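I opened this model to look up how its rings and helices pack. My notes follow in the order I made them.

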Amino acid sequence: MLVLAGIAVIALGFLLRFNPLLVVAVSALVTGLAAGLDPVAVLAAFGRAFNDSRYVTVIYIVLPVIGLLERYGLQRRARELIARLKRATTGRLLIGYMLFRQLTAAVGLNSIAGPAQTVRPLIAPMAQAAAELQTGGDGESERVKAMAAATDNVGLFFGEDIFIAIGSILLMKGVLENYGIDIEPFHLSLWAIPTAIAAAIVHGTRLLLLDRSLKRKRA
Amino acid sequence: MIGLNFVYTVAGLAFAAFALSALAVRPRKWANAAFYLLIATSFLAGDLLGDVGNGVLVLALVALAASGRMRGGEAREGAVRPRGSRLFLPALLIPVAALVGTLVFKQLPAWFDPRETTLVALTAGVLLALAVCYAWLRPGTAMPFHDGRRLMDDVSWAAILPQMLASLGAVFALSGMGDVVGDLVTQVIPSGSLAGAVIVYGLGMAAFTIIMGNAFAAFPVMATAIGIPLLVNGFGGDPAPVAAVGMLAGFCGTLLTPMAANFNLVPAALLDLKDRGGVIKAQAATALPLLAFNIVFLYLVLR
């Protein structure tokens with residue numbers, strides 16, 4: 001029962017707006033102590049897991065290239081490109097991007113796009129440029145940029161589980177194996193397809209509604 | 001064989017360059033430089049530090065983040081002549097190299113670690129794009145790392161929150177969190193009610209993901225608590241949809257939580273949103289209907 005204190009630490013630490021890294025570290029310590037581990041054992045377990053999951057933090061190697069290209073005008077160029085496409089709308093652009101993201105993630109290519117690789121340098125400026133054309137004004141830049149990032153996440157999350165060798169599928173297989181249930185990764189990935197379709201419909205509808213609301217702004 | 005060792009070497013050198021860049025600006029950004037140097041050390045020498053050594057490294061990272069001394073990216077200096085549409089080519093080179101490399105490297109298992117082809121290909125794509133930029137734009141050796149470090153300063157400590165949460169999950173597992181939660185939540189389900197069990201399972205996946213920032217951490221807890229003992233063994237459900245749809249219910253939680261920093265806070269920082277919660281707000285109206293869909297769908301499949 002005492003180990004639940006670790007969860008309480010997370011919830012409370014976040015409510016009180018402590019630095020999240022600090023909250024996570026304290027939660028690990030509290031949980032470990034509550035389970036009867038000594039502090040050094042908790043530190044070692046945490047350090048080992050941190051070292052084993054370094055791949056999570058690799059993506060920032062793209063920043064030098066993106067930062068440099070922006071210095072030479074990449075974002076502005078992306079906006080100008082969309083400004084020349086007369087029929088491009090924010091919603092249609094983002095629907096296209098969402099489907100691209102779902103399909104590529106479904107074949108295991110989830111690192112080819114993302115907030116640093118594609119959304120900041122390309123997708124967000126393009127969506128903004130389209131929104132400016134639609135409203136004939138400021139284009140609600142905050143809302144459109146947030147929606148661009150949201151679309152990237154939705155496309156990724158509800159595409160990747162269709163791929164049989166993705167981490168979450170392998171994790172499920174591993175957990176089920178602990179209970180003597182042997183299951184093919186392919187079988188798990190098939191069951192991700194209905195939700196992928198539902199995600200495309202729900203988020204696609206919202207993007208079309210975004211177009212309508214941008215259009216109303218103009219009128 | 002080329003695998004994570006290559007990827008980690010490049011990442012370590014990139015963070016070392018960020019650290020040097022943070023020391024080169026005036027006024028110097030000591031805290032940022034120390035933070036990047038520690039990450040560089042982790043990438044380059046993490047396997048040599050030992051478990052406790054890595055733990056101490058994490059404590060130092062946490063201390064720097066909590067000190068409040070890390071600074072955001074400064075304004076860009078030095079005007080250059082803007083270039084045309086060819087700027088897209090190096091930017092697109094990275095995803096294209098990741099795509100082509102993933103497919104090609106898989107055919108060469110003797111040379112490339114087949115489990116890590118996408119990360120290796122992505123890294124190779126970044127190096128290729130950087131080489132193209134140097135040859136074409138001639139920005140000076142340090143310029144890409146100054147520009148990259150400015151973006152990194154905006155992301156700041158949030159960069160390692162996902163890695164921290166993954167490590168927290170390991171400590172939770174070691175401490176037997178799954179069994180404790182299982183004992184607790186089964187008490188709120190009316191006995192014999194499939195609908196009740198599915199609802200608690202789906203909502204539990206989402207809620208635990210919101211707390212942990214990661215559906216991977218929530219799944220073992222909820223599978224141990226409800227998925228296997230009740231839905232599969234109790235109601236005789238097919239384990240494949242129980243696992244797959246449960247995980248996707250967790251993903252709906254990922255869309256709703258600031259703890260999933262890499263998906264929700266980092267993009268807000270990268271896109272200069274005034275509201276750090278802006279991405280989560282944009283996702284809520286997609287996540288909630290999808291969570292409901294997953295719960296209803298799983299119920300209909302298991303019924």
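**Entry 1: aromatic pairs**

I searched the whole structure for aromatic pairs and got 13 over all chains. This is a predicted model, so every value here is computed.

I took A:Phe157 and A:Phe158 to begin with. Their ring centres are 6.5 Å apart and the planes stand at 65 degrees. Over 60 degrees counts as edge-to-face, so this pair is edge-to-face.

Are these two rings buried or exposed? I looked up A:Phe157 and found 3% relative accessibility, so A:Phe157 counts as buried. A:Phe158 has a relative accessible area of 2% and is buried too. The cut-off for buried is under 20%.

A:Phe157 has another partner, B:Phe251. I noted 5.7 Å centre to centre and 55 degrees between the planes, a tilted pair. This pair crosses between chains. A:Phe157 sits in helix H8 of chain A, residues 141–160. B:Phe251 sits in helix H10 of chain B, residues 239–254. Both A:Phe157 and B:Phe251 are buried.

I also logged a cluster in chain B. Ring pairs link B:Tyr8, B:Phe15, B:Phe18, B:Phe35, B:Tyr36 and B:Phe43.

**Entry 2: H2(A) against H2(B)**

Next I went to a helix pair that spans the chains. H2(A) covers residues 20–34, and H2(B) covers residues 30–66. Their axes come within 8 Å and cross at roughly 120 degrees. That angle makes H2(A) oblique to H2(B). The crossing is left-handed.

Which residues of H2(A) meet H2(B)? I listed A:Leu21, A:Leu22 and A:Ala25. On the H2(B) side they meet B:Phe35, B:Leu61, B:Val62, B:Ala65 and B:Ala66. I sorted this contact by class and got eight nonpolar residues, no polar and no charged. B:Phe35 is a name I already had, from the ring cluster.

I then checked B:Leu37, which lies in helix H2 of chain B. Its relative accessibility is 47%, so B:Leu37 counts as partly exposed. I also took its distance to B:Leu61: 9.8 Å in space, C-alpha to C-alpha, with their positions 24 residues apart in sequence.

**Entry 3: H8(B) against H9(B)**

This pair lies within chain B. H8(B) runs over residues 194–212 and H9(B) over residues 215–234. The axes come within 8 Å and cross at roughly 165 degrees. That makes H8(B) roughly antiparallel to H9(B); the cut-off is over 145 degrees. H8(B) passes H9(B) in a right-handed crossing.

I wrote down part of the contact. H8(B) contributes residues including B:Leu194, B:Val198, B:Tyr201, B:Met205 and B:Phe208. H9(B) contributes, among them, B:Phe219, B:Met222, B:Ile226 and B:Leu230. B:Gly204 and B:Thr209 of H8(B) and B:Gly227 of H9(B) are in the contact as well. By class I got 17 nonpolar, three polar and no charged residues.

**Entry 4: chain B as a whole**

How many helices and strands does chain B have? I got twelve helices and zero strands. Read along the sequence, the pattern is α-α-α-α-α-α-α-α-α-α-α-α.

The C-alpha atoms fill a box of roughly 70 × 45 × 40 Å along the principal axes. Chain B has 303 residues, and 55% of them are buried. I last looked at contacts in chain B between residues at least 6 apart in sequence. Of these, 72% join residues at least 24 apart.

Key
Residues are numbered from 1 along each chain as its sequence is written. Chains are lettered from A and ligands numbered from 1 in the order in which they are written. This is a predicted model: local features need pLDDT of at least 70, side-chain atom pairs count only at pLDDT 80 or more; totals for chains, interfaces and linings use all residues. Side-chain values use heavy atoms; hydrogens and water are left out. Axes are lines fitted to C-alpha atoms, for helices over the stretch in contact, and angles run from 0 to 180 degrees between N-to-C directions. Helices (H or I, at least four residues) and strands (E, at least two) are DSSP runs, numbered from the N terminus. Angles under 35 degrees count as roughly parallel, over 145 as roughly antiparallel, 65 to 115 as roughly perpendicular and the rest as oblique. A crossing is left-handed if the near helix is turned anticlockwise from the far one by less than a right angle, and right-handed if clockwise. Contact means heavy atoms within 4.5 Å. Ala, Val, Leu, Ile, Met, Phe, Trp, Tyr, Cys and Pro count as nonpolar, Asp, Glu, Lys and Arg as charged, and the others, Gly among them, as polar. Rings of Phe, Tyr and Trp (its six-membered ring) pair if their centres lie within 6.5 Å; planes under 30 degrees apart count as stacked, over 60 as edge-to-face and the rest as tilted. Buried means under 20% relative accessible area, exposed over 50%, partly exposed in between (1.4 Å probe, protein chains only).
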